[in-house]
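I opened this notebook to keep track of what I looked up, entry by entry. The coordinates come first, and my notes follow.

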Amino acid sequence: MTEIAWWKRGIVYQIYPRSFQDSNNDGIGDLEGVRQRLDYLVWLGVDAIWLSPIFVSPMADFGYDVADYRAIDPIFGTLEDFDDLLADVHKRGLKLILDFVPNHTSVVHPWFLDSRASRDNAKRDWYIWRDPAPDGGPPNNWLSNFGGPAWTLDGASGQYYYHAFLSQQPDLNWRNLAVRDAMYDILRFWLDRGVDGFRVDVIWHLIKDDAFRDNPPNPAYDSKQAEINRYLQVHSADQADVHDVVAEMRNVIDTYPDRVLIGEIYLPLERLVTYYGNGLAGAHLPFNFQLIHTAWNAREIASLIHDYEIALPEGGWPNWVLGNHDQPRIGARVGQDQARLAAMLLLTLRGTPTLYYGDEIGLNKIEIAPELVQDPWEKNEPGLGLGRDPERTPMQWDSSHYAGFSKVEPWLPLGLSSSSCNVAALREIPRSILNLYRRLVDVRRKHLALSVGDYAQLAVSSAQVLAYEREFGADRHVVVLNFGHCDCEVALPQTESPRCILLSTCLDRDGEPIGRILKLRPHEGVIVAYG
Ligand code: TEU
Ligand code: CA
């Protein structure tokens with residue numbers, strides 16, 4: 001059997017470093033904290049860690065505004081701490097993926113300080129500067145993803161600079177080849193240190209229309225949505241030329257053995273899959289966020305899996321995501337019963353799953369009082385429910401005062417239930433969601449059918465049930481998921497071989513023999529093993 005790449009077989013676990021473990025009691029998570037919790041990740045059974053940005057930053061967007069790509073922000077530690085962490089990660093057989101933020105820098109990055117110093121500075125063209133419109137206003141109608149215009153006037157030079165996000169996050173000009181070289185050198189800097197790959201922030205944004213045409217209005221916009229939706233992002237992102245840049249990044253990655261390139265892309269399916277690149281020379285894994293936006297029912301999810309499988313280019317490897325640091329948690333979206341079903345879905349689909357820290361202990365809806373709001377997007381567009389703080393709260397490790405995250409008040413509040421909803425407590429409860437996640441990870445590792453096997457949807461009579469088969473060589477499993485609130489019965493395909501339950505989301509049916517008819521309780525999912 002040919003070797004299957006780790007990023008195909010494995011499970012990625014996303015850590016938001018501010019919120020995982022605080023080792024020096026300043027209320028903010030750090031690299032030494034992550035290092036201290038590696039044994040937990042080994043116990044859970046994941047393969048790779050993706051760390052949200054840890055680089056020097058004024059933290060206007062909590063690290064997605066980088067001021068020095070080659071240094072660790074003192075809040076998180078030092079380069080030495082990073083090297084120690086990486087060594088310990090590798091010692092445990094895990095991989096480490098960094099978050100690369102190439103679309104924009106911080107407004108205090110030395111490149112931008114130079115660029116804004118004068119119109120004839122050598123770095124002027126490293127960013128996107130345009131003259132005002134004839135009326136003195138912004139050069140076009142492009143909006144910031146965080147609300148308001150995407151252009152900020154620099155009084156001294158009389159030109160506007162473009163920022164797809166905060167005004168403290170000026171966009172780099174990726175049409176400038178010197179910018180590309182500088183950024184690829186940064187990739188090499190971290191690859192040389194031994195990192196196993198990158199998740200690339202807003203990769204579909206890197207190239208903009210070179211004529212800077214206005215975006216067309218979005219007929220479906222209403223004022224309860226984020227302002228960015230006022231226009232369709234036709235000219236400000238997802239331009240044909242971006243694929244050259246992605247291929248160049250991939251080239252850099254490919255000069256090192258066994259590294260992975262993951263792209264953050266919020267686009268409809270048919271656009272998303274273009275990021276695999278011509279001849280698969282693009283991203284290994286263009287992040288698939290479809291499960292975040294699809295209505296949570298069996299029919300919609302069945303058709304989305306089908307559509308995704310069809311849309312994938314030949315040889316393109318699938319991947320699935322339930323949540324991240326920008327999205328309401330799965331537990332908050334679908335409730336705690338369905339969150340268990342979601343876990344089984346994520347960990348039995350074909351393709352690489354990414355788990356978001358805290359989902360495995362069932363973190364769900366956490367209200368952030370107005371005076372505690374941190375997220376700049378919530379501050380810019382308050383009251384629309386856009387704030388991302390609720391999914392960024394500290395990991396809950398034990399029942400101590402600050403849940404074992406810190407000894408002082410954390411930067412964001414804990415969930416109300418931290419005395420019971422924590423790793424130490426849930427480990428001791430045999431049927432907890434945490435133990436469900438661990439079992440799912442374990443069976444996925446043991447049965448290649450569940451990770452890399454073929455996927456085939458099964459026709460079932462109940463509209464509330466999603467059923468599919470996973471097959472790899474002689475290894476065959478059927479997954480049956482009840483999205484409904486009622487009991488149901490499902491007829492399984494005819495077979496000669498005996499079958500039994502490998503795992504139920506209720507964790508109480510291991511080894512139960514199954515005849516033709518499988519009975520499921522409300523919200524229950526099961527993996528049935530054949531033979
Ligand atoms: O997110 C990009 C992005 O498009 C999100 O802002 C998304 O639009 C939003 O969360 C709703 O879906 C990336 C990072 O993940 C995010 O944390 C950063 O704020 C942003 O880029 C800017 O770097
Ligand atoms: Ca700290």
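How many bridges join strand 16 to strand 21, and do the strands run parallel or antiparallel? I counted on a predicted model throughout, and in it five bridges join strand 16 to strand 21, with the two strands running antiparallel. One of the pairs I noted here sets Val479 against its bridge partner in strand 21, Ile527.

**Entry: the six-stranded sheet**

I then traced the sheet to which these strands belong, and I found an open sheet of six strands in the order 14-15-16-21-18-19, paired in antiparallel fashion. Its edges are strand 14, at 454-458, and strand 19, at 513-514, each of which pairs on one side only.

On the other side of strand 16 I looked at its pairing with strand 15: residues 465-472 of strand 15 and residues 475-482 of strand 16 run antiparallel and are joined by eight bridges. Within this pairing I noted that Arg470 has His477 as its bridge partner in strand 16, and that Tyr468 stands opposite Val479. Val479 therefore came up twice in my notes, since bridges are recorded both to Ile527 in strand 21 and to Tyr468, and I recall that strands of a sheet pair through backbone hydrogen bonds, either parallel or antiparallel.

I also checked the hairpin that strand 15 and strand 16 form, which has two residues between the strands, and there Gly473 takes a positive phi near 55°. For the covering of strand 16 I recorded that six of its eight residues are buried, so that the strand is mostly covered.

**Entry: two residues with positive phi**

I next looked up positive phi values outside glycine, and I wrote down His523, whose phi is near 65°. His523 sits in the loop between strand 20 (517-520) and strand 21 (525-530). Is His523 buried or exposed? Its relative accessibility is 14%, and because the cut-off for buried is under 20%, His523 counts as buried. I also noted a contact across the sequence: His523 and Asp337 lie 186 residues apart along the chain, yet their C-alpha atoms are 6.1 Å apart in space.

Asp238 is another such residue, with a positive phi of about 55° although it is not a glycine. I placed Asp238 in the loop between strand 9 (197-200) and helix 7 (242-254), and with a relative accessible area of 14% Asp238 is buried.

**Entry: strand 1 and its neighbours**

I turned to strand 1, residues 12-15, where Val12 and Gln14 point one way while Tyr13 and Ile15 point the other way, and all of them are buried. Strand 1 runs parallel to strand 13 (residues 352-356), to which three bridges join it, and the bridge partner of Val12 there is Thr354. Strand 1 also runs parallel to strand 2 (residues 48-51), with four bridges between them, and in that pairing Ile15 stands opposite Leu51.

**Entry: the three-stranded sheet**

I recorded a further open sheet, of three strands in the order 6-8-7 with antiparallel pairing. Its edge strands are strand 6 (129-130) and strand 7 (151-154), each pairing on one side only. Strand 7 and strand 8 (residues 159-162) run antiparallel and share four bridges, and I noted Asp154 opposite Gln159 in strand 8.

**Entry: helix 4**

I compared the span of helix 4 (residues 79-91) with expectation: its 13 residues reach 18 Å from the first C-alpha to the last, close to the 18 Å expected at 1.5 Å a residue. Which residues of helix 4 are buried? I listed Phe82, Leu85, Leu86, Asp88 and Val89. Seen down the helix axis, these buried residues fall within an arc of 165°, so they line one face of helix 4. On the other side of the helix, Glu80 and Lys91 are exposed.

**Entry: the second largest pocket**

Lastly I looked at the second largest pocket, which holds about 410 Å³ of space. I found 18 residues lining the second largest pocket, and those nearest its centre are Gln336, Gly362, Asn364, Ser417 and Cys421. Helix 11 (residues 330-348) gives the largest share of this lining, three residues. By class, I noted nine nonpolar, five polar and four charged residues in the lining.

Terms used:
Residues numbered from 1 in each chain as written. Chains lettered and ligands numbered in written order. Predicted model: local features only at pLDDT ≥ 70, side-chain atom pairs only at ≥ 80, totals over all residues. Heavy atoms only, no water. 1 Å grid on protein atoms, 1.4 Å probe; cavity = no way out; pocket = protein on both sides within 12 Å on 5 of 7 lines; lining within 4 Å. Points joined across faces, edges and corners; volume = space filled by probe spheres on them. Nonpolar A, V, L, I, M, F, W, Y, C, P; charged D, E, K, R; others polar. Pairing = 2+ DSSP bridges. Expected span 1.5 Å × (residues − 1). Buried < 20%, exposed > 50% of the residue type's maximum accessible area, 1.4 Å probe, protein only. Arc of directions from axis to C-beta.
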